[in-house]
Amino acid sequence: MLTSAVIHIDRFLRNFKAVKDHVGQTRICVPVKADAYGHGAVQIAKASLQAGAYCLGVSTVYEGQELRKAGIKSPILLFSQCHPDEIPMVIKEELTPFISDEEFAAALNEQAQKKVPVHIKIDTGMGRIGCRTEDALPLARFISSCAGLELAGTATHFAAADSAQELDIAYTMEQLACFKAAVEQIRSSGINPGIVHAANSGAIIQHPDSRLDMVRPGILLYGYKTVNGEFPEVEPVLELKTTVSLIKKIKKGETVSYGRTWTAREDTFIAILPIGYADGLPRIAGNKWQVKIGTNAYPLAGRVTMDLCCIDLGPQPKVRRWEEAIVIDNSQNNAAKLASAAGTIPYEITCNISKRVPRIYIGDVASSA
């Protein structure tokens with residue numbers, strides 16, 4: 001196999017246990033949207049539920065459908081706003097949608113044949129989906145009046161919980177205070193707000209008072225801490241590997257790849273690797289990243305192309321054709337380091353590893369116990 005993503009389920013489960021130990025009895029929702037951040041939604045979902053997750057989170061109806069087809073029966077939260085045409089599928093697949101307004105709640109209620117559990121989404125400062133705090137109680141009352149709907153939860157989303165900047169910490173605390181006040185209004189009116197949840201990965205570490213009834217750790221479970229704090233180290237779950245498919249000599253002054261951005265300073269050898277930006281290695285990583293072969297690291301030479309990239313082996317290469325090359329590992333060459341080199345975040349790196357890259361799973365619930 002030329003290129004593959006190796007997913008270490010045992011590492012994922014250790015990360016899950018670290019979160020579980022940290023939050024105690026608080027429920028855990030595992031986000032498996034975007035194919036579990038590129039790690040494989042079905043496999044991560046099954047591992048999460050066996051390890052004690054309460055529910056799963058997806059962004060699209062079709063992501064939820066994929067989990068149901070795989071035999072997963074747990075609650076599945078639908079984080080994003082779906083289209084009205086997708087309502088029948090929401091109902092059929094027994095998904096739990098977030099509700100931001102009465103219009104969508106009414107459309108869902110109109111088609112419901114039995115009680116559909118929903119979560120109110122309150123926008124406390126993220127500026128995306130969700131009702132304003134002053135509209136939360138009226139929305140809760142409307143949902144309670146709908147024969148086909150059940151208010152099963154109330155949620156918000158933090159905008160800067162993964163930041164240690166003083167202003168961002170204050171902003172998160174303000175969001176939390178507004179959210180708690182809105183929930184209390186709902187509760188004081190005699191309406192049960194259901195499961196109350198707000199904390200993402202950053203908030204779990206930095207804002208313990210935001211854990212409430214349930215937390216939604218995402219990137220933390222996949223092995224990356226976005227903020228320092230009192231929390232155990234986590235292990236990156238994914239490794240991206242490929243193979244040296246060709247080695248060729250390049251003379252001093254010759255250039256490599258599109259745009260001629262790399263020029264050989266001496267006679268050297270390059271290795272061609274069958275991995276490119278269509279597989280998840282960012283184009284911008286050209287001339288900025290290194291690939292590990294054996295115990296040595298070799299720099300990318302020239303731009304990353306759709307299907308291929310090149311590395312400089314030096315004038316006296318020890319690398320052999322068909323040797324394994326590690327593009328992302330769980331130590332110095334991890335997704336966070338690549339993200340830094342590419343000017344992005346580790347979420348984007350792992351999510352962009354495309355479907356054409358086979359996933360290989362190592363470890364399971366039993367082996368990690």
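**Why these words? A talk about the model**

Colleague: Why is Asn 334 called buried?

Modeller: Asn 334 has a relative accessible area of 11%. Buried means under 20%, so Asn 334 earns the word. Please keep in mind that this is a predicted model.

Colleague: Where is Asn 334, and what does Asn 334 touch?

Modeller: Look in the loop between strand S19 (324-328) and helix H10 (335-342). Setting aside residues up to four places away in sequence, Asn 334 touches Tyr 224, Pro 236, Trp 289, Ile 328 and Asp 329.

Colleague: What makes the link from the side chain of Asn 334 to Ser 331 a polar contact?

Modeller: The side chain of Asn 334 comes to 2.7 Å from the backbone oxygen of Ser 331. A polar contact needs a pair of N or O atoms within 3.5 Å, and the 2.7 Å here meets that cut-off.

Colleague: Could we step back to the whole protein? How many helices and strands are there, and what share of the residues is buried?

Modeller: The protein has twelve helices and 20 strands. Of its 369 residues, 52% count as buried. The C-alpha trace spans about 80 × 45 × 45 Å along its principal axes.

Colleague: Which residues touch the most other members of the largest nonpolar core?

Modeller: Val 30, Val 32, Leu 67 and Leu 281 do, in a core of 101 residues. Helix H1 (residues 9-23) gives the most to this core, namely seven residues. In soluble globular proteins, nonpolar side chains tend to be buried together.

Colleague: What is Val 32 in contact with, beyond its neighbours within four places in sequence?

Modeller: Its contacts are Ala 41, Ile 44, Ala 45, Leu 56, Gly 57, Val 58, Leu 67 and Tyr 222. Leu 67 leads us on to helix H4 (residues 61-69), where Val 61, Glu 63, Gly 64, Gln 65, Leu 67 and Arg 68 are buried.

Colleague: What covers the buried residues of H4?

Modeller: The cover includes helix H2 (33-38), helix H3 (41-51), strand S3 (55-58), strand S4 (76-78) and helix H5 (87-92). Just after H4, Gly 71 has a positive phi of about 90°.

Colleague: Why does Arg 141 count as partly exposed?

Modeller: Its relative accessibility is 49%. Exposed means over 50% and buried under 20%, with partly exposed in between, so Arg 141 falls in the middle class. Arg 141 belongs to helix H7 (residues 136-145). Apart from neighbours within four places in sequence, Arg 141 is in contact with Ser 189 and Ile 191.

Colleague: What makes Glu 134 and Arg 132 a salt bridge?

Modeller: Their side chains meet at 3.1 Å, N to O. The cut-off for a salt bridge is within 4 Å, so this pair qualifies. Side chains of opposite charge can pair when their charged atoms come close. Glu 134 is partly exposed at 48%, whereas Arg 132 is exposed at 56%.

Colleague: How do you know that Glu 324 and Lys 241 form a salt bridge?

Modeller: The N to O value for the two side chains is 3.8 Å, and the cut-off of within 4 Å still takes it in. Glu 324 lies in strand S19 and Lys 241 in strand S11 (residues 238-243), so this salt bridge ties together parts that are 83 residues apart in sequence.

Colleague: Is each partner buried, partly exposed or exposed, and what are the values?

Modeller: Glu 324 has 44% relative accessibility and counts as partly exposed. Lys 241 has 17%, and because buried means under 20%, Lys 241 counts as buried.

Colleague: How many salt bridges does a search of the whole structure find, and which residues are linked in a network?

Modeller: The search finds ten salt bridges. Asp 279, Asp 307 and Arg 356 are linked in a network of them.

Colleague: Last one: what makes Ile 360 suitable for a nonpolar surface patch?

Modeller: Ile 360, in strand S20 (residues 359-362), is partly exposed with a relative accessible area of 33%. A patch takes residues with over 30%, so the 33% of Ile 360 passes that cut-off. Together with Met 1 and Ile 362, Ile 360 makes a patch of about 290 Å².

How values were computed
Residues numbered from 1 in each chain as written. Predicted model: local features only at pLDDT ≥ 70, side-chain atom pairs only at ≥ 80, totals over all residues. Heavy atoms only, no water. Core = buried A, V, L, I, M, F, W, Y, C linked by side-chain atoms within 4.5 Å. Buried < 20%, exposed > 50% of the residue type's maximum accessible area, 1.4 Å probe, protein only. Helix = DSSP H or I, 4+ residues; strand = E, 2+ residues; numbered from the N terminus. Contact = heavy atoms within 4.5 Å. Patch = residues over 30% accessible without salt bridge, like charges linked within 9 Å, V, L, I, M, F, W, Y side chains within 5 Å. Areas by Shrake-Rupley, 256 points an atom, 1.4 Å probe, with all protein chains shown as cover. Polar contact = N/O pair within 3.5 Å; in protein donor to acceptor, adjacent residues only side chain to side chain.
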